[in-house]
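Dear colleague,

Please find below the structure I am handing over to you. My findings follow directly after it.

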Amino acid sequence: MTQTARLYGGSLYELAAEEQLTGTIFTQMKEIRGIFREMPEYVKLLREPSIPKEERIGLIEAAFGEQAERYLVNFLKLLCEKNILQEFAGCCEEFTRRYHADHNIAEAVVTSAVPLSHEQMEKLKEKLGKVSGKEISLIQKTDPSVLAGLRVELEGKLIDGTVQSRLDGLSKKLNEIIV
């Protein structure tokens, strides 16, 4: 994350906190970031220097003006106007970081070979919440190379309960015995 993203994302968070809109803007930022990921050609259009800034800003207003919080729409317009719309993802990360810190939320990334059921996700969130003492925001990833078990990253710590990890541990112990 760049210094610009930290500055802009942090400034938006402070404004949202003053106006008691952190939850609303947090949710809407995630939705807009998802739209930008799904439609990279739209973002490219918004960053196209051959299109006058007024037109690009008008596209933002047309797309989000009626649906999103006014502060967030104006924030997007500002990024577009300053030609730093590419910083939006980093701004979202900074906003999320501050939102999570203020609301005692820890983000955990769980990786498994197959998607977990809703019930499994809820049980995992509950267990991780007890371990960390925080509410858990769980991001699920699938990776067929995991084979079986789960790998969880929580607050910079890796909890590796995969079969591969266990096999690696056994292999290491066997090598220590043999040598």
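The model is a predicted one. Its chain has a radius of gyration of 21 Å, whereas a compact globule of 179 residues would have one near 16 Å. Along the principal axes, the C-alpha trace spans about 70 × 35 × 30 Å. Buried residues account for 35% of the 179 residues. The chain exposes about 11200 Å², of which carbon and sulfur atoms supply 52%.

As to secondary structure, the chain contains eight helices and four strands. Their order along the sequence is α-α-α-α-α-α-β-α-β-β-β-α. Of the contacts between residues at least 6 apart in sequence, 66% join residues at least 24 apart.

I turn next to the interior. In soluble globular proteins, nonpolar side chains tend to be buried together. In this model, the largest nonpolar core comprises 32 residues, and Phe36, Phe64 and Phe88 have the most contacts inside it. Two or more residues each come from helix H1 (3-18), helix H2 (22-38), helix H3 (40-46), helix H4 (53-64), helix H5 (70-81) and helix H6 (88-102). The greatest contribution is that of H5, which gives six residues. A second core, separate from this one, has eleven residues, among them Ala106, Ala108, Leu116 and Met121.

Phe88 merits a separate entry. If neighbours within four places in sequence are set aside, Phe88 is in contact with Met29, Ile32, Arg33, Phe36, Phe75, Leu76 and Leu79.

Helix H6 can be described in some detail. Does its length agree or disagree with the span expected at 1.5 Å a residue? The 15 residues of H6 should span 21 Å at that rise, and the end C-alpha atoms are 21 Å apart, so the two values agree. The buried residues of H6 are Phe88, Gly90, Cys91, Cys92, Glu94, Phe95, Thr96, Tyr99 and His100. Their cover includes the helices H1, H2 and H5, together with strand E1 (105-112) and strand E2 (135-142). After H6 comes Asn104, which has a positive phi, near 55°.

To recapitulate, the two items I would place at the head of a record are the 32-residue nonpolar core and the radius of gyration of 21 Å, set against a value near 16 Å for a compact globule of 179 residues.

Yours sincerely

How values were computed: Residues are numbered from 1 along each chain as its sequence is written. This is a predicted model: local features need pLDDT of at least 70, side-chain atom pairs count only at pLDDT 80 or more; totals for chains, interfaces and linings use all residues. Side-chain values use heavy atoms; hydrogens and water are left out. A nonpolar core is a set of buried Ala, Val, Leu, Ile, Met, Phe, Trp, Tyr and Cys residues joined through side-chain atoms within 4.5 Å. Buried means under 20% relative accessible area, exposed over 50%, partly exposed in between (1.4 Å probe, protein chains only). Contact means heavy atoms within 4.5 Å. The expected span of a helix is 1.5 Å times one less than its number of residues. The radius of gyration is taken over C-alpha atoms; the globule rule is 2.2 Å times the number of residues to the power 0.38. Accessible areas come from the Shrake-Rupley method with a 1.4 Å probe; for residues, only the protein chains shown count as cover.
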